[in-house]
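Here is a friendly walk through one protein model, written for someone who thinks at the bench. Have a look at the sequence and the structure first, and then read on.

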Amino acid sequence: MAVEQTSTISWYLRMFSYLLMICGLFGLAVGGVVIYGAFADGAATTTGLPLSALVLGVTAAVANGITIAAGVLGRAASRNPGRAAALRSLALAGVVASVFGLGLCYATGGRLPTSLIFNLLLMAICVVIAGNLGKSAQ
């Protein structure tokens with residue numbers, strides 16, 4: 001029974017890892033566009049916009065970089081359940097980065113970006129899946 005349960009969780013983790021990598025790449029591209037937009041010609045005249053846009057772009061890039069790394073590590077953990085603890089730690093780092101980014105965006109006067117909220121949700125799901133894989137592998 002434990003072998004069947006582990007293989008099912010591994011399959012879900014493998015598919016979720018692909019989703020993490022795709023969403024992370026998309027979010028990284030969006031973060032780059034936001035950083036570019038912060039330094040574009042018209043944006044510098046608006047008060048507060050460049051700082052909040054720069055903070056959003058940098059935090060989105062960092063959080064989505066962690067998401068990509070979690071996707072790659074999740075793919076490896078789906079084949080070797082012994083890596084579930086490392087995946088869980090990386091996913092927790094992604095949760096912390098997303099919450100920190102949301103706090104910085106709020107502190108600089110920007111709105112709470114949906115992309116970081118979505119990234120927080122993905123990382124929380126990854127923590128749960130990695131925890132379940134670690135428990136079933138024992």
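## The chain as a whole

The protein chain has an accessible surface of about 7,600 Å², and carbon and sulfur atoms hold 71% of that area. Please keep in mind that this is a predicted model. Its secondary structure is quick to describe: the protein chain contains 4 helices and 0 strands, and the order of elements from the N terminus is α-α-α-α. Of the 138 residues in the protein chain, 37% are buried. Among contacts with a separation of 6 or more, 71% join residues that lie 24 or more positions apart.

## Helix α1: a surface patch and a buried serine

Let us begin with helix α1, which covers residues 2–38 and includes Trp 11. Which residues join Trp 11 in a nonpolar patch on the surface? They are Tyr 12, Met 15 and Tyr 18, and the four residues together offer about 430 Å² of accessible area. Trp 11 itself counts as partly exposed because its relative accessible area is 45%, between the limits of 20% and 50%.

Ser 17 also belongs to helix α1. Is Ser 17 buried or exposed? Ser 17 has 1% relative accessibility, so it counts as buried. Leaving out neighbours within four places in sequence, the contacts of Ser 17 are Gly 71, Gly 74 and Arg 75. Ser 17 can also be paired with Ile 68: the two are 51 residues apart along the chain, and their C-alpha atoms are separated by 8.6 Å.

## Helix α3 and its buried side

Helix α3 runs over residues 84–107. The 24 residues of α3 should span 34 Å at 1.5 Å a residue, and the C-alpha atoms at its ends are indeed 34 Å apart, so the two values agree. The buried residues of α3 are Ala 84, Leu 87, Ala 91, Gly 94, Ala 97, Ser 98, Gly 101, Leu 102 and Cys 105. Just after α3 comes Gly 109, with a positive phi of about 90°.

Ser 98 deserves a closer look. Ser 98 is buried because its relative accessibility is 0%. Which residues does Ser 98 touch, not counting those up to four places away in sequence? The answer is Ala 63, Leu 116, Asn 119 and Leu 120.

## Helix α4 and its partners

Helix α4 takes in residues 114–137, with Asn 119 among them. For the 24 residues of α4, 1.5 Å a residue gives an expected span of 34 Å, and the end C-alpha atoms are 34 Å apart, so this helix agrees as well. Leu 116, Asn 119, Leu 122, Met 123, Cys 126, Val 127, Ile 129, Ala 130, Gly 131, Leu 133 and Ser 136 are buried in α4.

Asn 119 has a relative accessible area of 2%, so it is buried. Apart from neighbours within four places in sequence, Asn 119 is in contact with Ala 63, Asn 64, Thr 67 and Ser 98.

Further along helix α4 is Val 127. Val 127 counts as buried because its relative accessible area of 13% is under 20%. Not counting residues up to four places away in sequence, Val 127 touches Arg 88, Ala 91, Leu 92 and Val 95. Leu 133 is another residue of helix α4, and Leu 133 is buried because its relative accessibility is 0%.

The table gathers some pairs by position in sequence and in space.

| Pair | Apart in sequence | C-alpha to C-alpha |
|---|---|---|
| Ser 17 and Ile 68 | 51 residues | 8.6 Å |
| Val 127 and Gly 94 | 33 residues | 9.5 Å |
| Leu 133 and Thr 8 | 125 residues | 9.5 Å |

## The cysteines

How many disulfides does the model have? The count is 0, going by cysteine sulfur atoms within 2.5 Å of each other. As a reminder, a disulfide is a covalent bond that links the sulfur atoms of two cysteines. Two cysteines can be described here. Cys 105 is buried because its relative accessibility is 1%, and Cys 126 is buried because its relative accessibility is 0%.

How values were computed. Residues numbered from 1 in each chain as written. Predicted model: local features only at pLDDT ≥ 70, side-chain atom pairs only at ≥ 80, totals over all residues. Heavy atoms only, no water. Patch = residues over 30% accessible without salt bridge, like charges linked within 9 Å, V, L, I, M, F, W, Y side chains within 5 Å. Areas by Shrake-Rupley, 256 points an atom, 1.4 Å probe, with all protein chains shown as cover. Salt bridge = Lys/Arg side-chain N within 4 Å of Asp/Glu carboxyl O. Helix = DSSP H or I, 4+ residues; strand = E, 2+ residues; numbered from the N terminus. Buried < 20%, exposed > 50% of the residue type's maximum accessible area, 1.4 Å probe, protein only. Contact = heavy atoms within 4.5 Å. Expected span 1.5 Å × (residues − 1).
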